[in-house]
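User: Please take me through some of the terms used for this model. I would like each one set against its definition.

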Amino acid sequence: MTHYLFILVGAVLVNNVVLVKILGLCPFMGVSKKLETAYGMGAATTFVLTMATGASYIIDHYLLIPFGLEYLRTLSFIVTIAAIVQMTEMVIAKTSPTLQQTLGIYLPLITTNCAVLGVPLLNISNGYNFVESLLFGAGSAFGFSLVLILFAGIRERVEGADVPVYFRGSAIAMVTAGLMALAFMGFAGLDKYQ
Amino acid sequence: MDILLAIAIMALGAVVLGAALGFASVKFKVEGDPLVEKIEGILPQTQCGQCGFPGCKPYAEAIAKGEVDINLCPPGGMEGVQKLADLLGREVKELEAEEKPKQVAIIDENTCIGCTLCIQACPVDAIVGAAKQMHTIIAPLCTGCELCLPPCPVECIRMEAIGENLDNWKWKYPVIEIKTEMRKAAPMMKAA
Amino acid sequence: MLMNLFKFKGGVKPPTNKTQSNTLPIAQAPLPSRLIVPLHQSIGGTPRPVVKAGDHVLKGQLIGEADGWISAAVHAPTSGTVLEVAMHVQPHPSGLDAMCVVIEPDGRDKWIAHGPLDYAAMAPEAVREHLQQSGVVGLGGAAFPTHGKLTASKTVPMDELIINGAECEPFITCDDLLMRERAEEVVRGIGIFRDLLQPKKVLIGIEDNKPEAAAAMRAAVDALNEPFLVIQVPTLYPAGGAKQLIRVLTGKEVPAAKRSTDLGVQCFNVATAYTAWRAIAHGEPVVSRLVTVSGNVHAPRNYEVLIGTPMGELLKLATPHPDTDGIVMGGPMMGFLVPNEQVPVIKATNCLIAHSDRVFPPKAPEMPCIRCGACAEVCPHELQPFEMYWFSRAKNFGKTQEYHIFDCIECGCCSFVCPSRIPLVQYFRFAKSEIWAREREKNAADGAKTRFEFKQLRDEREKAEKAEKLAKVAAAQAAKKAAEAAAAAAAETAAAETGAPGNDSAAPESKAVAEATTLPDATLTTVDAEKEAKRAAIAAAMARAKAQRDAMPAKNTEAVTIEQQRAIDDIEARRAVLAPAAVPGEKTE
Amino acid sequence: MFAPAPFLLKNTSVSQVMLQVCIALVPGIAAYAWLVGPAILVQLVIATLTALIAEALMLRLQHKPLAMFLPDGSAIVTAWLIALTFPPLAPWWLVVTGTLFAIVIAKHLYGGLGQNPFNPAMVAFAVCIVSFPALMSQWPSIGLQASLIEQINIILGFSPRIDALSGATPLDAMKTALKLGEGGIDVAQLLANQDIYGNFAGRGWEWVAAGYLLGGLWMWQRKLITWHTPFAFIGAVTLISGALWLYNPAQFANPLFHLFSGGTMLGAFFIATDPVSGCTTPRGKLIFAAGAGLLTYIIRVFGGYPDGVAFAILLMNLCVPVIDLLTQPPIFGMKDKA
């Protein structure tokens, strides 16, 4: 039980996919200007990422490994993720056009969100079983959403600040992201405590 | 052999996923373009045609299709361009024409001959009158589009900038230099 | 005390500075050299001027007629000659002009014929009407037409009538003096409000720094044998805000989105009650009011001042110190510097404070907000002023509304305590007026859009009708010609058959064909020409019938009765509501 | 014409607020200088000078009026907090680096006073402990016999960094000992070591913490801070340390030890109460401070750093906008619906 807890805590905080692994920076910077979009993107990514880890585990274990096709991992994972993203986009477009509007270009971009590809690959390299994979995927997704939402909150506030001209926009956002990563270093070592 | 197997498996995957996507695209089909409405919401609805389109909606449609630039609407001003740029994720561009202050058309009622030409030209029904009778502008409805100017045969319509009055007066953004203002008031009391 | 008092959160205790002006009795201000009476002195419609330059007016004569229900009449403050009806600078922070009636007093101060009304016999409606005609408005500062507040909610029973004698702003003592000297008339005025609203309780709230006023009011209430309760409330700015006083006395909180009558409570200022009584018992409209003159002056005191008196002339009565550099209208917390000393005293003017750096030390420059939260602690509406400031400053108006900027009453408590000396209220006013302006623009744009779309629809319909008509005319003509040709051909063929068959029979036929082919939309042959003619005749008949039908309603509309017109308007209005739904349908036609 | 109501103002200013915060730090500093060594005074001077110079430079670059902003005192408070959280004999350049980072990056890149989302002093500490973990962990043993001149020489790098410096804070010492002991060592045994531990916490340090507590209570009495933040911070530390102490007193130190060790008191009264980077709603303050207290304990006991205050504060700084948004108090007249 504690083992699973450590995987989850590790994925959410200690090895946060954005701030520690530095994956998925594109949506992290792109969709964090407003809290609402951050909520939407977080939810969409959580869904896609969890689905993707599950699907890729199944593909890997029941299709690729039995036929000795491990070298096709990246390719087949990308295809799977792309399909899941497409499906998600269609569902969102139907159910919530405003969310689709606000997410804009970033929804299809989940396809190329390296976090979504990275997490299933990390699962394989960590040798996780199905439940562990799902937990790790969900944990990473929660970590991503958490950080995205907190970041959006800070950016909304910083937008009103007298940031020096040369640092407005992405520059100060990068500085903020750096300081956030610094704060997250405080979690270092927590997943190794026995 | 291996390569054939790989191709077969990938093809199988492609077929399965393709079928799923195809099904979804039918099941979750969306009609209409919500973007046009959003763009139209930003446009000022003066219907002036200065953008080269007959009204705001056609311009909105053209923007949504990506056929034209977003800086063709002088009544919307730079603020409008900024909003469009934010909505569409495009670059902010300087306005094509210069920005004018808000204005209202005024008919010189002594000169008006009652030809109804301006009434027909007004896109927003802001002019009232009948044939051979004096016309007048319903000022609150006028968008200041100037479309009534050219058709008037006697040139009795002029545009006037809407000045500040107690109804549309706005509190200004606070400034720090409060002291200078007070000093200005000083001589007035001395005179008294 | 029998009553259990409530508390509102926040509030501040600025130095009250009331003792300077409340020691001397009320004095009558002399007639000024001229009176500038703005027409728009209350919230609502601007009264229409009913006098013109050169007219002679008597004191109390109507000069501005109320425009609509939320509007109050304006009267000549003294007898004299109307010099002009023109634009003059207003006692308004904008310093803009508005329409005023300028009167040169003749010095006789002669009243128009007036007298007491038979109050006991008046219907409530007549009382409200009379108050409107007498120009009775809220004299606490907001100047809302009083008659508009004197109707109880139909659904909520009226529990409490609150009379506001709190006067929480520093420096101001005009209500204090009014209650001390004219308590009886105030109490009688409250009686009128009570009769109209029928509340269960009447509570008179007076801050506990005015014991003399409270005693005078108690005495008057006892003398008149009224069941009103005079309650002393703790001195805490802004306890005199209507919503705060309601909270303190009843525990009810009136949000910005609701009217106080929805919660069964209504609030009036003591001076309003006084003027209402004068209007009913003496037939006197509101032509003067009490004004505290204080601040940087030798002799602060309260004056009974005619509406329209230039502020500079009034200030001179109290002999301002030479370093006076401006006039503040209202209190030091919510007042504003008037544009110049010529602006007149209006119904909303309760206090003039001579401004100087000694009385109001100049503010240190504004520093950035450090989010210390002092403003949130003192906000009587429990808002988060620093958040509203942050977003007002960034011009992020949507966010300011999320933080309830429209619940702000602009009392100035937040600016008062701010360690960074940020003029918070100014930021909120700026944000509010920007939001209003945007709202106006949005509404105007929406209106323009619907009218434009409707015009387009109309144009299209007209074009279609015209085209239809043209086509019909053309078809009818073609048919007629074809019929003629066919008839001729038939006659010729008949002739040929009977007389001369053979070679020339082909010629007329080909002629008919040729004629037929020249017609616009048909390549008729002699064979079906007849059929075509018949069809054309039918079409022409239909067109005629349709034209008649179309003409019919047009004839009707020339002589519609008012009821019919109203019915038509109703239908149009309903159509307008349905229009968006109807448009696509019509387009597909 | 511009009319700035209200015309009456309460007589307060940012400088006054900051000055009072500095005064409140004095008892703690006095205890520090007396019990640990006067070197802290040198560090305070170094940090203050660096902060003021950096502040002036940044204001100059942004064309802001120096005369208005420099005396506001916020840079001094930041500098003092940096000096008080760094090891007292840390080399001068470490303090300078930290202070520069705090003033330039954490404060002025965001627009200066009042606009920084992260606490500058804590950013300085976190940056330095991540970049120079060894130097940041060298604390002098209490009772180090070295004159002020010697200490200054150590700080300025003229004297070698003697062995007596390579000590650890009482907190760190306990964590390392417990880890090395693999469960064989009892907390009570460790606390018996009178070289490191005093009456209820670290020897000497416990009185420094008490000094901060005193200053903090004075600030509360002066209404510079509300009760929410220190209460929730101290409450959270007490609760979690108490619970674990009751669960296994041999492996977990008692709450009193944790309250008076490391930066708990400084954090609860002086760092978490920073209004700029902290929460502002009453409920938000409670959540913010409780979260910071909890994370402080977790990081200092289970994590990889000697103390957790800096990271805990930074992590909670991250959450501030969202917490504030979710804890908006109901406004006048809208309480029933909320």
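Analyst: Just after H1(D), Gly37(D) takes a positive phi of about 145°. The model is predicted: local features need pLDDT of at least 70, side-chain atom pairs count only at pLDDT 80 or more, and totals for chains, interfaces and linings use all residues. Residues are numbered from 1 along each chain as its sequence is written, while chains are lettered from A and ligands numbered from 1 in the order in which they are written.

User: What makes residues 14-35 of chain D a helix, and how do you know its span is close to the one expected?

Analyst: A helix is a DSSP run of H or I with at least four residues, numbered from the N terminus. H1 of chain D has 22 residues. The expected span is 1.5 Å times one less than the number of residues. For H1 of chain D that expectation is 32 Å, and the first and last C-alpha are 32 Å apart, so the two are close.

User: What is meant by the bend of H1(D) at Val26(D)?

Analyst: The bend is the angle between axes fitted to the seven residues ending at a residue and the seven starting there. At Val26(D) this angle is about 35°, and Pro27(D) follows within four residues.

User: Why are residues such as Val17(D) and Leu25(D) called buried?

Analyst: Buried means that 20 or more other C-beta atoms, placed from the backbone, lie within 10 Å of the residue's own. Val17(D) and Leu25(D) are among the residues of H1(D) that are buried, so they meet that cut-off.

User: What covers the buried residues of H1(D)?

Analyst: The cover includes H2 (39-61), H4 (74-85), H11 (205-221) and H14 (264-271) of chain D.

How values were computed. Buried ≥ 20, exposed ≤ 12 C-beta atoms within 10 Å, placed from the backbone. Contact = placed C-beta atoms within 7 Å.
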